[in-house]
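User: I would like to go through the labels attached to this model and hear the reasoning behind each one. Please set the values against the cut-offs.

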Amino acid sequence: MNKLYFKYGVMGSSKTAQALMTKFNYEEKGSKVWLIKPATDVRDGLQLLRSRIGLEANAFVVPPEMDLKEMFSVLQMDGAVYDVIIADEAQFFTEKQIWQLREIVSEYNIPVMCFGLRTDFRCRLFPGSKALFQVADDIVEIKSVCNCGHKAMVNARFDENGKVTFDGPQVALGGNDRYESMCWTCWRKALRENGFTAIEIG
């Protein structure tokens, strides 16, 4: 039986690059890949997936109301027989959509590989990530390092003044200008320096 995979890491840990390299590897062996991403991710345009090292590909865009199992079934009936599903920015899928991907693995016996963040800038799980931790068969961390050399665990967010912040909505798209991966110690220190208390940090 095939599996539902979740490969997670902090921002800048090469998740999208690994997703695109995985796509290339499957296609090189003659497999047909359904590359998907949530409609929330519009940093590089609605349909484009682009990694920080320059790899890119067009992806099928999934709005939050879409039933992925139903869409996959329609595509199969229309002759688009896929051998594998690769999903990037999986943290932005709804919990229901993750369960639908789980059902696709079970019913169609194809691998589904999800790449994404584990937690937001407050270290709180995204809905899609939470569901993947609950139902994925195989969970792998893509590791990265903080500027201090320790393991990066947190997606630190910067405000308009360039200071690390604990305020704001869970989803705020951005790149190196908005986020930096940090170890817990460096993140906590930066928050305290910017006036956030132990209670607010949690």
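**Reasons behind the labels**

Analyst: The model is predicted. Just after helix 2, Gly79 takes a positive phi of about 100 degrees.

User: What makes the buried residues of helix 2 one face of that helix?

Analyst: The buried residues in helix 2 (residues 68-77) are Leu68, Phe72 and Leu75. Viewed down the axis of helix 2, the buried residues fall within an arc of 60 degrees, so they line one face. An α-helix has 3.6 residues a turn, so residues three or four places apart point the same way. Glu70 and Met77, on the other side of helix 2, are exposed.

User: What covers the buried residues of helix 2, and what caps its N-terminal end?

Analyst: The cover includes strand 2 (33-38), strand 5 (60-62), strand 6 (84-87) and helix 3 (95-108). The cap at the N-terminal end is Asp67, with a side-chain oxygen 3.1 Å from the backbone nitrogen of Lys69. The cut-off for a polar contact is 3.5 Å, and the distance for Asp67 is 3.1 Å.

User: How do you know that Cys123 has no disulfide bond to Cys183?

Analyst: A disulfide requires two cysteine sulfur atoms within 2.5 Å. The sulfur of Cys123 is 11 Å from the closest cysteine sulfur, which belongs to Cys183, so the pair is too far apart for a bond. A search of the whole structure finds zero disulfides.

User: Why is Cys123 called partly exposed, and why is Cys114 called buried?

Analyst: Buried means under 20% relative accessible area and exposed means over 50%, with partly exposed in between. Cys123 has 26%, so the label is partly exposed. Cys114 has 1% relative accessibility, so the label is buried.

User: Why is Lys23 called buried?

Analyst: Lys23 has a relative accessibility of 15%, and the cut-off is under 20%, so Lys23 counts as buried. Lys23 is found in helix 1 (residues 15-28). Not counting residues up to four places away in sequence, Lys23 touches Val33, Leu35, Ala57 and Ile86.

User: What makes strand 1 alternate, and which strands does it pair with?

Analyst: In strand 1 (residues 4-8), Leu4, Phe6 and Tyr8 point to one face and are buried, while Tyr5 and Lys7 point to the other and are not. For two strands to pair, at least two bridges are needed. Strand 1 is joined to strand 7 (residues 112-116) by five bridges, and the two run parallel. Four bridges join strand 1 to strand 8 (residues 138-141), also in the parallel sense. Lys7 stands opposite Phe115 in strand 7, and the bridge partner of Lys7 in strand 8 is Val140.

User: Which residues of the largest nonpolar core touch the most other members, and which helix gives the most to it?

Analyst: The largest nonpolar core has 27 residues, of which Leu4, Trp34, Ile36, Ile85, Leu101, Cys114 and Leu132 touch the most other members. At least two residues of this core come from each of strand 1, strand 2, helix 2, strand 6, helix 3, strand 7 and helix 4 (127-135). Helix 3 gives the most, with four residues. Leaving aside its neighbours within four places in sequence, Leu101 is in contact with Ile36, Leu68, Ile85, Val112 and Cys114.

User: How do you know that the buried residues of helix 4 are on the same side?

Analyst: The buried residues of helix 4 are Gly128, Ser129, Ala131, Leu132 and Val135. They cover an arc of only 160 degrees around the axis, so they lie on the same side of helix 4. What covers them includes strand 1, helix 3, strand 7 and strand 8.

User: What puts the buried residues of helix 5 on the same side?

Analyst: In helix 5 (residues 184-193), the buried residues are Trp187, Ala190 and Leu191. Their arc around the axis is only 100 degrees, which puts them on the same side of helix 5. Thr185, Lys189 and Glu193 are exposed on the other side. Just after helix 5, Gly195 takes a positive phi of about 95 degrees.

User: Why is Val164 called buried?

Analyst: Val164 has a relative accessible area of 4%, and the cut-off is under 20%, so Val164 is buried. Val164 lies in strand 10 (residues 164-165). Leaving aside neighbours within four places in sequence, the contacts of Val164 include Trp187, Ala190 and Leu191.

Notes
Residues are numbered from 1 along each chain as its sequence is written. This is a predicted model: local features need pLDDT of at least 70, side-chain atom pairs count only at pLDDT 80 or more; totals for chains, interfaces and linings use all residues. Side-chain values use heavy atoms; hydrogens and water are left out. Buried means under 20% relative accessible area, exposed over 50%, partly exposed in between (1.4 Å probe, protein chains only). The arc is that of the directions from the helix axis to the C-beta atoms. Contact means heavy atoms within 4.5 Å. A polar contact is a pair of N or O atoms within 3.5 Å; within protein, one must be able to donate a hydrogen and the other to accept it, and residues adjacent in sequence count only if both atoms are side-chain atoms. A nonpolar core is a set of buried Ala, Val, Leu, Ile, Met, Phe, Trp, Tyr and Cys residues joined through side-chain atoms within 4.5 Å.
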